[in-house]
Amino acid sequence: MNRFEGQTALITGAGSGIGAATARRLAAEGAHVLVTDIDEDAARKVAADLPAATPLRLDITDRTAVDRLIGGLPALHVLVNNAFVPFVDDPDDNWHRQLHGTLLGAVHCARAALPHLKETRGAIVTIGSVNAEADFGDHAYSAAKAALGSYTRTLAGEAAPHGVRVNQINPGTIATPSWAGREQALATLGARAYPLGRVGTPEDIAAAAAFLASPDAAWITGTTLRVDGGLMAVNRHFREILDGVEDA
Ligand SMILES: NC(=O)c1ccc[n+]([C@@H]2O[C@H](COP(=O)([O-])OP(=O)(O)OC[C@H]3O[C@@H](n4cnc5c(N)ncnc54)[C@H](O)[C@@H]3O)[C@@H](O)[C@H]2O)c1
């Protein structure tokens, strides 16, 4: 498939995990990929293996840099809002980083990209989380991801008359470097929590992001697509309890 031939796609946090896999997928389908990350070396390593890619340093929390880089592009067809600001222990600091980084960073990227996307009738895909929908820990991260889901819907309404589509993916647990050192936890979660018997791969999310960004999703906007191996739809815990109870 060459769904992105002649198109430019910018991915934030593309030096690792889901962002890197999405960069590989969009490049394999013909896009020129702007591989952006706060870690420029990581962006460079990912871009080096792609047929047409440009590595760029971009900190999504730096609004001036976001406006300068995205605003200064000659054209843009796809924005994948993927980066998130990692957790810290101090609760006040964590709330600040999640709301001003994970949430507002993605908002600033979308606002900077919108004028280009109106020209190209392009698409935004934002990577949320199942944390937006249920309790999997971290209040601030969950609130930021839930707010991104709301922003996806309201921005979709504003952008639709211009032919721009805006969608979100809420992944379940994905085996990326953010889970480094927790391999046993991932294996156990895969076997016991996930109906499809495993946690996700970055490529599972990249495939969904490519779909939502492509003309195959031409009539899809304002939606949040769970890509979670059935986690949220199937209550395994409930079934196990019920199956374990013997009534007289
Ligand atoms: N891995 C999971 O289990 C999981 C589950 C649900 C949702 N997600 C979401 O998927 C996305 C990617 O997660 P991942 O697991 O691939 O993460 P990752 O840690 O592998 O990669 C994140 C990248 O973001 C970059 N980054 C950090 N701060 C940045 C900033 N201020 N500006 C720009 N880049 C920055 C990092 O340098 C890193 O390269 C995130 O939005 C995350 O919330 C991940």
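**Ligand environment and overall fold**

The largest pocket is the space taken by the ligand. Two elements give two or more residues each to the shell around the ligand, namely helix H1 (17–28) and helix H5 (139–159). The structure is a predicted model, and the description of the binding site given here therefore refers to computed coordinates.

The ligand is surrounded by 28 residues, of which Ser16, Asp37, Asn82, Tyr141 and Thr176 come nearest. By residue class, the shell divides into 13 nonpolar, 12 polar and 3 charged residues.

Polar contacts to the ligand involve both side-chain and backbone atoms of the protein. A separation of 2.5 Å is found between an oxygen atom of the ligand and a polar side-chain atom of threonine 176. Tryptophan 179 likewise places a polar side-chain atom 2.9 Å from an oxygen atom of the ligand. For isoleucine 38, the partner is a polar backbone atom, which lies 3.4 Å from a nitrogen atom of the ligand. On its own, the ligand has 840 Å² of accessible area, and the protein covers 90% of this area.

At the level of the whole chain, the protein contains 8 helices and 7 strands. Taken along the principal axes, its C-alpha atoms fill a box of roughly 70 × 40 × 35 Å. The radius of gyration of the protein chain is 18 Å, which agrees with the value near 18 Å for a compact globule, because the chain has 248 residues.

Technical notes. Residues numbered from 1 in each chain as written. Predicted model: local features only at pLDDT ≥ 70, side-chain atom pairs only at ≥ 80, totals over all residues. Heavy atoms only, no water. Near = heavy atom within 4 Å. Polar contact = N/O pair within 3.5 Å; in protein donor to acceptor, adjacent residues only side chain to side chain. Areas by Shrake-Rupley, 256 points an atom, 1.4 Å probe, with all protein chains shown as cover. 1 Å grid on protein atoms, 1.4 Å probe; cavity = no way out; pocket = protein on both sides within 12 Å on 5 of 7 lines; lining within 4 Å. Sits in = over half its atoms within 2 Å of the grid points. Helix = DSSP H or I, 4+ residues; strand = E, 2+ residues; numbered from the N terminus. Nonpolar A, V, L, I, M, F, W, Y, C, P; charged D, E, K, R; others polar. Rg over C-alpha atoms; globule rule 2.2 N^0.38 Å.
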